[in-house]
Structures are given as C-alpha cells and as structure tokens.
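Dear colleague,

I am handing over the structure below, together with some notes on what was found in it. Please read the notes with the coordinates open beside them.

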Amino acid sequence: MARISLTPPRTPLIRLLEWYSKRTYGKVLEPLMAYGHHRRVLIGTTRFELSVARWKKLDPGLKALAVMASASAIGCSWCTDFGYWENRRHGMAHEKLHDVPRWRESEVYTPLERDVMEYAEAMTATPPTVEDDLVGRLRQHLGDEGLVELTTMVAVENLRSRVNAAFGLTGQGFKDSCDIPSRGSRQSLAGG
C-alpha cells in the first residue's frame, strides 16, 4: 500500500500527465501521481526523465539489464514490474528479464551482460563495492561514453527505486499484461 496519496490535486498539469501516461503506458503511472503533490519536483523529475530517454551511447539491452539489476538489488517491485513490461515491449527475451534476480546462476547472459549486472549491483550496494578490474573490462567494451552512461543509468535507477520503495509503491500489473500463462497455468485457472 502506498505511503502517500496517489490522488494529488487535479491541476491542469496533473490532467495532462494522466492523459499522456494513459496514452503511452495504458495506465496512469503511480510515481507520477506521488510526485504530483510537489509541482516543482514533478516538473523537474519529468524533464530529467525526458532527457535521460535521449541518452543513446549504451546498447539498450545492456542499459535495461543494468536498470533491472539495480531495481532488483534494491527490491523495488514497482520498478521491476514496469521494467519487465517495458523491456518485453522492446523485444528483450523473457528469460533474460526473468533471470535478473539470479543472473549469477543463469546461463542466458553473455560475459559482457554479466559484467554490466555485476557493476549495477556493486554500485547499488551501500557502500558501493565497485572494483577497478570490473571497470576496466567495461571500459574496454563500452568506451568512456558508454561507461559514463552505464554508471549514470545505474545511479538514476537507484534514485527511482529508492523513491518508489520509500513511497511504498508496488507493481501496477504491467508484467501481467505481457506474460502469456503456460498451458498448465491456464488449465489450473479454468479448473480452480
């Protein structure tokens, strides 16, 4: 249950963001409504997120795994729910998204993807546990621009996930809208 009301005052800005959110994502994003209680924070966060969306030096799949690994490490169920839906929508394999919390044991990732998720977790730890050899490997594969974008994306996801977790925001059912239940699941739902 959210620790802050998700029904801010119905200003023209809130109505515009509700319309945009429904049109773009199919529902109103709860973090927007939480931020809606503070106009300047809402505007600043929205402008920042629009700017972040234009960063293109890092492979989108690597960026997605870094963001998901960070959200998973923090335990933000809203971010993992939305991230799963968003990345499936952009074509990322279900197995890669599903296995993020257990990426060390999974066999679906490349060595570079593993390094990216290790880096995201190391940055997310308190205090951070980033090691020089890992940064060296990433820098070799991604270049300086890619490493800067990766680092900043993990920091951005830390901000998102920590705010959402503190507000008590949980999944909005995004993941459920893109998963097709297995045949056995459909039969058990029909029978039970």
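**Salt bridges, cores and a helix pair**

The side chains of Arg-10 and Glu-18 form a salt bridge, with an N to O distance of 2.2 Å. Please keep in mind that this is a predicted model, and that the distance just quoted, 2.2 Å from N to O, is computed from it. Glu-18 has a relative accessibility of 15%, and it therefore counts as buried, since buried means under 20% relative accessible area.

The structure holds eleven salt bridges, and the pair Arg-10 and Glu-18 is one that I have picked out for you. Another joins the side chains of Asp-99 and Arg-102, at 3.5 Å from N to O. The two partners in that pair fall into separate classes of accessibility: Asp-99 is buried, because its relative accessible area is 8%, whereas Arg-102, at 39% relative accessibility, counts as partly exposed.

A further salt bridge is found between the side chains of Arg-160 and Glu-157, with 2.9 Å from N to O. Both residues belong to helix α8, which covers residues 132–167, and they sit three residues apart in it, about one turn of the helix. Glu-157 has a relative accessible area of 2%, so it is buried. Glu-157 and Arg-160 are also linked with Glu-49 in a network of salt bridges.

Turning to the nonpolar side chains, the largest nonpolar core has 24 residues, and those with the most contacts inside it are Val-100, Met-117, Tyr-119, Leu-138 and Leu-150. The elements that contribute two or more residues to this core are α4 (60–74), α7 (111–124) and α8. If the neighbours within four places in sequence are left aside, Met-117 is in contact with Leu-65, Ala-69, Val-100, Trp-103 and Tyr-109. Apart from this core lies another, of 16 residues, which includes Leu-29, Tyr-35, Trp-85 and Leu-169.

How do α7 and α8 pack, and at what angle? Their axes lie 9 Å apart and make an angle of about 45°, which means that α7 is oblique to α8. The crossing in which α7 passes α8 is right-handed.

For a first look, you might begin with the network of Glu-49, Glu-157 and Arg-160, and then go on to the contacts that Met-117 makes with residues including Leu-65 and Trp-103.

With best wishes

Definitions and conventions:
Residues numbered from 1 in each chain as written. Predicted model: local features only at pLDDT ≥ 70, side-chain atom pairs only at ≥ 80, totals over all residues. Heavy atoms only, no water. Salt bridge = Lys/Arg side-chain N within 4 Å of Asp/Glu carboxyl O. Buried < 20%, exposed > 50% of the residue type's maximum accessible area, 1.4 Å probe, protein only. Helix = DSSP H or I, 4+ residues; strand = E, 2+ residues; numbered from the N terminus. Core = buried A, V, L, I, M, F, W, Y, C linked by side-chain atoms within 4.5 Å. Contact = heavy atoms within 4.5 Å. Axes fitted to C-alpha atoms, helices over the stretch in contact; angles between N-to-C directions. Parallel < 35°, antiparallel > 145°, perpendicular 65-115°, else oblique. Left-handed = near helix turned anticlockwise from the far one by under 90°.
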